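Me: I'd like a close look at one part of this protein, the aromatic rings around a tryptophan close to the start of the chain. Could you walk me through it slowly, and then show me how it fits with what lies around it?

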Amino acid sequence: MTAPWGEWDHVLKLDPDKELPADVTYDELCATGTDAIQVGGTTGMTADNMSAVIDACADHDVPLYQEPSSPDVVVDSPVLSGYFIPTVVNAGSPFWITGAHKEWLRMDGDVEWDRLATEAYIVLNPDSDVATYTEADCDLEPAEVRAYATVAERMLGQEIVYVEYSGTLGEEDHVAAAAAGLDEATLFYGGGIRDYDSARSMATHADVIVVGDLAHDEGVEAVRETVEGAKDA
Ligand code: 1GP
């Protein structure tokens, strides 16, 4: 059976620590045509602010996933379709590879495994919060990105590989290299998608485009354009 994300082109990632523009509602963002909403962020995450965004999106039939950045912010909610559990394969600190996961399982012995999807990040923007936090080695050649993608899929059994340029548009040859390293995992790309063209070009390499800051900076129409770009690729 194909995983749901195997059918997706576009994901909207909403950061509970960031405001929406004054005239924008979560309802409108859920109705942009995006295939799924992911609730997550790197800094300022709490179970309360995560829950507020999850609840605000609950009445829509777009699939809703939480991406917890640490064990203490996992929200147990029936309105969630599931959870994306991130691992940063090029992290400098092992905490972000297996340490946080070990702490989570130590704290919560009753994990619903069939609601979890594993997601291997390759973090490539050295100026991003996620790179700083995880002490990621972002200085990678395309061949190294390709090898990391294969390690994630073949050796770590990850269902999703996520090339992450959070905050800036990435190098297409690095995204293409990740795609070349995968057979079965779904390739997500995120970072600096601001319009139709950037969505469309990254979607020629990645299976799924993730759009984040644009929703918080520009609002509904801009997000809708990226949905069109991702779907047209
Ligand atoms: C962040 O990859 C996502 O985790 C999206 O990045 O905020 O730059 O769109 P942007």
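Reply: Sure, let's start with Trp8 and Phe84: Trp8 is buried, and so is Phe84. Keep in mind that this is a predicted model, so everything here is computed from it.

Let's take the rings one pair at a time. The whole structure holds 11 aromatic pairs. In one of them, the ring centres of Trp8 and Tyr65 sit 5.5 Å apart with planes at 70 degrees, so this pair is edge-to-face. What parts of the chain does it link? Trp8 belongs to the segment before β1 (10-14), while Tyr65 is in strand β3 (residues 64-66), and the two are 57 residues apart. Trp8 has 7% relative accessibility, so it counts as buried. Tyr65, at 5% relative accessibility, counts as buried too.

Trp8 also pairs with Phe84, and that pair is edge-to-face, with 6.3 Å from centre to centre and 85 degrees between the planes. Phe84 lies in strand β4 (residues 82-88) and Trp8 in the segment before β1, so the pair ties together parts that are 76 residues apart in sequence.

Now zoom out a little. Ring pairs join Trp5, Trp8, Tyr65, Phe84, Tyr121, Tyr162 and Phe188 into a cluster.

Next, try Val208, because it brings us back to some of those names: setting aside neighbours within four places in sequence, Val208 is in contact with Trp5, Trp8, Asp9, His10, Val11, Thr186, Leu187, Phe188 and Tyr189. So where is Val208 found? You'll find Val208 in strand β8 (residues 208-211). Its relative accessibility is 0%, so Val208 counts as buried. As for Thr186 in that list, Val208 and Thr186 are 22 residues apart in sequence, and their C-alpha atoms are 7.6 Å apart in space.

On to the helices. Helix α7 (residues 196-203) and helix α9 (residues 220-232) have axes that come within 7 Å and cross at roughly 30 degrees. That angle is under 35 degrees, so α7 and α9 are roughly parallel to each other. The crossing of α7 past α9 is right-handed. On the α7 side, the contact is made by Tyr196, Ala199, Arg200 and Ala203, and on the α9 side by Glu225, Thr226, Glu228, Gly229, Ala230 and Asp232. Sorted by type, the residues of this α7 with α9 contact are four nonpolar, two polar and four charged.

There's another helix pair to look at: helix α5 (residues 142-155) and helix α6 (residues 172-180) pack at an angle of about 35 degrees, with their axes 7 Å apart. Their crossing is right-handed. Here α5 brings Pro142, Val145, Arg146 and Ala149 to the contact, and α6 brings Asp173, His174, Ala177, Ala178 and Ala180. In the contact of α5 with α6, six residues are nonpolar, one is polar and two are charged.

Last stop: Glu135, in the loop between α4 (129-134) and α5. Is Glu135 buried or exposed? With a relative accessible area of 51%, Glu135 is exposed. Its backbone is worth a glance as well: phi of Glu135 is near 55 degrees, a positive value in a residue other than glycine.

Technical notes. Residues are numbered from 1 along each chain as its sequence is written. This is a predicted model: local features need pLDDT of at least 70, side-chain atom pairs count only at pLDDT 80 or more; totals for chains, interfaces and linings use all residues. Side-chain values use heavy atoms; hydrogens and water are left out. Rings of Phe, Tyr and Trp (its six-membered ring) pair if their centres lie within 6.5 Å; planes under 30 degrees apart count as stacked, over 60 as edge-to-face and the rest as tilted. Helices (H or I, at least four residues) and strands (E, at least two) are DSSP runs, numbered from the N terminus. Buried means under 20% relative accessible area, exposed over 50%, partly exposed in between (1.4 Å probe, protein chains only). Axes are lines fitted to C-alpha atoms, for helices over the stretch in contact, and angles run from 0 to 180 degrees between N-to-C directions. Angles under 35 degrees count as roughly parallel, over 145 as roughly antiparallel, 65 to 115 as roughly perpendicular and the rest as oblique. A crossing is left-handed if the near helix is turned anticlockwise from the far one by less than a right angle, and right-handed if clockwise. Contact means heavy atoms within 4.5 Å. Ala, Val, Leu, Ile, Met, Phe, Trp, Tyr, Cys and Pro count as nonpolar, Asp, Glu, Lys and Arg as charged, and the others, Gly among them, as polar.
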